[in-house]
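Thank you all for making the time this morning. I would like to walk through one model with you, beginning with its sheet and ending with its ligands and a few loop positions.

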Amino acid sequence: MPSPMEKAGILVEALPYIKKFYGKTVVIKYGGHAMVNEELKKAVLTDAVLMKYVGMQPVIVHGGGPEITGMLKRLGIESNFIGGLRVTDAETMEIAQMVLVGKINKDIVGLINDIGGTAVGLSGKDANLLVADKKLHLMRNPDGSEEAVDIGLVGEIREVNPGIVDTLLKEGYIPVVAPVAVGEGGNSYNVNADVAAGALAVALNADKLIILTDVEGILADRKDKNSLLSTVTMQDVPRLIEQGIIDGGMIPKVECCTCALQGGVGTTHIIDGRVPHSLLLEIFTDQGVGTMVTN
Ligand SMILES: Nc1ncnc2c1ncn2[C@@H]1O[C@H](COP(=O)(O)OP(=O)(O)O)[C@@H](O)[C@H]1O
Ligand SMILES: CC(=O)N[C@@H](CCC(=O)OP(=O)(O)O)C(=O)O
């Protein structure tokens with residue numbers, strides 16, 4: 001345990017970072033694979049509450065892929081993914097919305113409020129926050145040609161109306177957003193949570209986008225956790241994907257970082273949500289943690 005004097009020293013060391021990020025908007029994408037257990041969830045959300053109390057404007061966009069898969073399995077429905085996206089028929093959409101908006105969103109809001117923050121839960125349907133069109137997945141054939149594949153009610157974000165989030169931030173709340181978008185006729189679209197976080201970060205003109213996941217960051221060799229790439233430039237991304245170094249669920253994350261940077265977001269980071277207080281380490285220390293994707 002640090003002595004009281006050491007504790008005072010730690011607080012003073014944080015001062016330049018508190019000053020730098022005072023009033024700045026930070027979008028935190030909290031992935032389902034990083035929601036490992038209740039203790040860890042509490043550590044992540046405590047960091048968000050602390051950020052709020054020192055003057056930052058955290059906005060949480062959560063995922064919940066594993067929990068949706070678990071619920072579908074309990075109901076005897078198999079999950080299929082194409083290009084990292086869940087093939088979403090009407091029944092799957094109904095369950096995904098129930099899990100994301102009705103369960104995970106409310107669990108996060110409850111935990112934040114219990115820790116001492118004041119959170120308000122939203123889905124992308126509230127106040128037309130996320131408006132989407134049906135997304136067709138482009139699949140590459142072995143001969144190099146591309147084919148559009150129907151993956152059901154998966155949405156491609158067409159418009160973000162961040163007014164409701166701005167209003168909540170101004171009133172001192174922590175907005176917590178579930179990645180369900182509204183489409184024509186008021187119907188629901190399932191949106192990848194990384195994509196939702198990236199689009200919201202751009203619309204809010206955020207200073208930082210931090211993606212919490214279940215690996216150390218981008219690894220040069222996925223079998224070697226010591227091969228962390230601490231910085232990756234936007235220009236490196238297509239080559240890393242082509243070489244198969246970045247694969248699967250990491251692809252939407254880096255693509256979102258790239259889109260966010262192109263859309264004016266200050267910095268983007270992919271960090272390990274399994275490490276307690278990794279958010280604080282990223283924001284309040286010189287070294288940072290995980291991978292920073294830069295332009
Ligand atoms: N180069 C890479 N470095 C680290 N992880 C990678 C890499 N390429 C692919 N991945 C995979 O991406 C996964 C993270 O994406 P995903 O499972 O969708 O997480 P989340 O639920 O947090 O969105 C990792 O667990 C890992 O299996
Ligand atoms: C279209 C699509 O794939 N939607 C995701 C939404 C949740 C999500 O993205 O959760 P994670 O961040 O935990 O992966 C899904 O249904 O799993």
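Before anything else, a word on burial: I call a residue buried if 20 or more other C-beta atoms lie within 10 Å of its own, exposed if 12 or fewer, and partly exposed in between, with the C-beta atoms placed from the backbone. Helices (H or I, at least four residues) and strands (E, at least two) are DSSP runs, numbered from the N terminus. Please keep in mind that this is a predicted model, in which local features need pLDDT of at least 70 and side-chain atom pairs count only at pLDDT 80 or more, while totals for chains, interfaces and linings use all residues. Residues are numbered from 1 along each chain as its sequence is written, and chains are lettered from A and ligands numbered from 1 in the order in which they are written.

With that in place, let me start with strand S8, residues 174–178, where five of the five residues are buried, so the strand is largely enclosed by the rest of the structure. In a regular strand the side chains alternate between the two faces of the sheet. In S8 both faces are covered, with Ile174, Val176 and Ala178 buried on one side and Pro175 and Val177 buried on the other.

Which strands pair with S8? Here two strands pair if DSSP finds at least two bridges between them. Strand S5, residues 119–123, runs parallel to S8 and is joined to it by five bridges, whereas strand S2, residues 57–62, pairs with S8 over two bridges, also in the parallel sense. Valine 176 in S8 is a convenient landmark, since glycine 121 stands opposite it, and isoleucine 60 stands opposite it as well.

Stepping back to the whole sheet, eight strands make up an open arrangement in the order S5-S8-S2-S1-S11-S13-S14-S12, and the pairing is mixed. The edges are S5 and strand S12 (231–233), each of which pairs on one side only. On average, neighbouring strands of this sheet are turned by 20° against each other, direction ignored, where the axes are lines fitted to C-alpha atoms, for helices over the stretch in contact, and angles run from 0 to 180 degrees between N-to-C directions. At the S12 edge, three bridges in the parallel sense link S12 to strand S14, residues 291–294, and threonine 233 stands opposite threonine 294 in S14.

Now to helix H4, residues 90–115. The expected span of a helix is 1.5 Å times one less than its number of residues, so for the 26 residues of H4 one should find 38 Å, and the 36 Å between its end C-alpha atoms agrees with that. H4 nevertheless carries a kink of about 25°, centred on asparagine 105, the bend at a residue being the angle between axes fitted to the seven residues ending there and the seven starting there. Asparagine 105 is itself among the buried residues of H4, which also include Thr92, Val101 and Ile112. Just after H4, glycine 116 takes a positive phi of about 125°.

Next, the two ligands, where a residue counts as near a molecule or strand if its C-beta atom, placed from the backbone, lies within 6 Å of it. Around ligand 1 there are 18 residues, of which Gly31, His33, Thr213, Gly249 and Met250 come nearest. Ala, Val, Leu, Ile, Met, Phe, Trp, Tyr, Cys and Pro count as nonpolar, Asp, Glu, Lys and Arg as charged, and the others, Gly among them, as polar. On that scheme the shell of ligand 1 holds seven nonpolar, eight polar and three charged residues.

Around ligand 2 there are 16 residues, with Gly32, Gly63, Gly65, Arg86 and Ala193 coming nearest. That shell has seven nonpolar, eight polar and one charged residues, and helix H3 (65–74) and strand S4 (85–86) each supply at least two of its residues.

Finally, some loop positions. Glycine 249, from the ligand 1 shell, sits in the loop between helix H7 (237–242) and helix H8 (250–262), and it counts as partly exposed because it has 18 C-beta neighbours inside 10 Å. Alanine 127, in the loop between S5 and strand S6 (130–140), has a positive phi of about 50° although it is not a glycine. Histidine 277, which lies between strand S13 (267–272) and helix H9 (278–284), likewise has a positive phi, of about 65°.
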